[in-house]
Amino acid sequence: MTLVNLNLITDLQMFGAAEVNACVSCGNCTAICPLADNDATFPRRFIRLAQVGLTDDLVASKELWTCYQCGMCTNRCPQEADPAEFMATARRYAIAHYDKSGIARILYTKPVLGALITVVAGLFFALFFASIHGTQDTQSLKLFDFIPYPVIHTMGIVLMVVVALFSLLGVGLLARDIAKRDGVTWGSLFGSGAAWKRTGKALWYALGIESLGQKRYREDCADDDPVEPLYKRRWLIHALTIWGFLGLLAATTINYGMDVFGLKATGTWVPIWYPVRLLGTIAGLSLMYGVSWFMVFRAKKLGETWKDSKPSDWLFLVLLWITGLTGFLIEIALYLPSAQVWGYWVFLIHVAVAMELVLFLPFSKFAHAMYRPVSLFFYGLAREKVDQPA
Ligand code: SF4
Ligand code: SF4
């Protein structure tokens with residue numbers, strides 16, 4: 001039985017979407033949206049779902065995550081109902097809905113308490129590492145003598161287990177709800193050779209074509225920033241951020257693997273051109289480039305996409321930026337001829353902020369990195385069903 005939530009619009013407005021009540025369902029926004037199609041019609045339909053209080057239909061929608069918030073719909077809305085902001089708000093609401101800890105809701109709707117939690121978490125990590133720090137070699141920078149690697153490693157594992165539990169729960173519930181809504185069953189995914197093929201193609205669409213290749217963002221949303229030079233295009237900045245993040249993840253994993261298999265102990269000095277170091281450096285530059293532009297766009301409130309930033313949007317960007325910046329400062333310190341005392345303290349900040357970044361993954365804007373690919377998988381599946389019935 002579908003339950004009607006009479007407070008849905010009011011609740012949503014705590015997450016943003018201040019103007020949504022002005023919508024008269026004319027449909028202009030859906031007509032202009034370059035990403036709405038037969039398999040995903042929005043944003044008018046979603047505003048209507050909110051107006052009639054259908055929470056479950058709203059949050060369990062793959063369409064929410066196919067929108068890239070270009071703002072074209074808002075520019076065309078005769079009522080100034082700001083449908084682009086509504087879509088962003090509905091995504092925040094969905095993240096909070098699927099986060100069973102309640103932290104995401106606090107971060108989105110109680111900015112002062114959210115800021116306090118963020119500061120306390122950051123201070124906790126910083127003070128903890130400061131309390132256990134070891135010696136500072138002044139001849140060469142020995143970072144893991146200052147903060148022991150086993151402590152960082154153990155703390156990282158504990159954090160990742162906690163974060164993985166919340167993340168898998170949220171993503172699992174979203175996948176279950178979209179599957180139910182779209183009539184996707186295990187049989188339709190894996191019940192035959194054709195079903196396997198369709199599932200594989202949907203997976204490739206979600207992870208390869210869209211998440212890595214940014215195809216629709218690049219091609220279909222391109223006409224909202226036609227005058228921007230390539231280096232400032234939103235899809236490229238978004239892609240460089242993703243590629244940078246994945247590159248850093250790969251470098252960290254390879255480093256860890258080399259340590260486990262006895263090929264290179266973590267913390268061993270290597271030249272700048274050493275392949276894994278080079279991968280980390282290029283990926284870090286890519287990430288910093290993307291994140292810095294996003295911060296400039298948000299600070300300047302450029303266009304419809306960036307005019308309304310929530311503190312939790314900033315939290316994600318600021319933590320990423322500090323992690324990147326401190327990472328580069330450590331790299332500089334490592335290649336200076338003598339050990340710099342500041343290098344040890346920058347390392348401490350770097351580790352503390354990186355831990356905080358991981359901790360807030362399921363509760364901040366960062367969560368869209370998990371929810372969007374899952375939704376795109378179902379979107380890809382819907383397209384495959386139309387094109388090639390099993
Ligand atoms: S948001 Fe604006 S354009 Fe879209 S249906 Fe409502 S009134 Fe029309
Ligand atoms: S912001 Fe852009 S992609 Fe999103 S609904 Fe509006 S027009 Fe479509």
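**Reading the values of a predicted model**

Reader: Why is cysteine 77 counted as buried?

Author: In this predicted model, cysteine 77 has a relative accessibility of 17%, and since buried means under 20%, cysteine 77 counts as buried.

Reader: Where in the chain does cysteine 77 lie, and how far is it from alanine 22 in sequence and in space?

Author: Cysteine 77 is part of the loop that runs between helix H5 (72–76) and helix H6 (83–98). From alanine 22 it is separated by 55 residues in sequence, while the C-alpha to C-alpha distance between the two is 10.0 Å.

Reader: Which residues are the closest to ligand 1, and which helices each supply at least two residues of its shell?

Author: Of the 14 residues that surround ligand 1, the closest are Cys23, Cys26, Gly27, Cys29 and Cys77. Helix H2 (28–32) and helix H3 (44–51) each supply at least two residues of that shell, which by class holds nine nonpolar, four polar and one charged residues.

Reader: Which residues are the closest to ligand 2, and how do its shell residues divide by class?

Author: Ligand 2 is surrounded by 13 residues, and the closest of them are Cys33, Cys67, Cys70, Gly71 and Cys73. The shell divides into 11 nonpolar, two polar and no charged residues; cysteine counts as nonpolar and glycine as polar in this division. As for the spaces themselves, the one taken by ligand 2 is the largest cavity, and the one taken by ligand 1 is the second largest.

Reader: Why is alanine 17 called buried, and why is serine 25 called partly exposed?

Author: Alanine 17 has a relative accessible area of 5%, and because the limit for buried is under 20%, alanine 17 is placed in that class. Serine 25 stands at 25% relative accessibility, and because partly exposed covers what lies between under 20% and over 50%, serine 25 is given that label.

Reader: What is the phi angle of alanine 17, and what is that of serine 25?

Author: Alanine 17 has a positive phi of about 50°, although it is not a glycine, and serine 25, also not a glycine, has a positive phi of about 60°. Alanine 17 is found in the loop between helix H1 (8–13) and H2, and serine 25 likewise is found in the loop between H1 and H2.

Reader: How do you know that the peptide bond between phenylalanine 42 and proline 43 is cis?

Author: The omega angle of the bond that joins phenylalanine 42 and proline 43 is about 0°, and the bond is a cis peptide bond. Proline 43 lies in the loop between H2 and H3.

Reader: What makes the radius of gyration of the protein chain agree with that of a compact globule?

Author: A compact globule of 390 residues would have a radius of gyration near 21 Å, and the protein chain has 23 Å, so the two agree. The C-alpha atoms fill a box of roughly 70 × 50 × 45 Å along the principal axes, and buried residues make up 48% of the chain. Its secondary structure comes to 19 helices and zero strands.

Reader: What is the mean pLDDT of the protein chain, and which elements have the lowest and the highest mean pLDDT?

Author: The mean pLDDT is 89, and 96% of the residues reach 70 or more. Helix H16 (residues 303–306) has the lowest mean among the elements, 72, and helix H12 (residues 193–212) the highest, 94. Where pLDDT is low, the predicted coordinates should not be read in detail.

Notes
Residues numbered from 1 in each chain as written. Chains lettered and ligands numbered in written order. Predicted model: local features only at pLDDT ≥ 70, side-chain atom pairs only at ≥ 80, totals over all residues. Heavy atoms only, no water. Near = heavy atom within 4 Å. 1 Å grid on protein atoms, 1.4 Å probe; cavity = no way out; pocket = protein on both sides within 12 Å on 5 of 7 lines; lining within 4 Å. Sits in = over half its atoms within 2 Å of the grid points. pLDDT = per-residue confidence, 0-100. Helix = DSSP H or I, 4+ residues; strand = E, 2+ residues; numbered from the N terminus. Rg over C-alpha atoms; globule rule 2.2 N^0.38 Å. Buried < 20%, exposed > 50% of the residue type's maximum accessible area, 1.4 Å probe, protein only.
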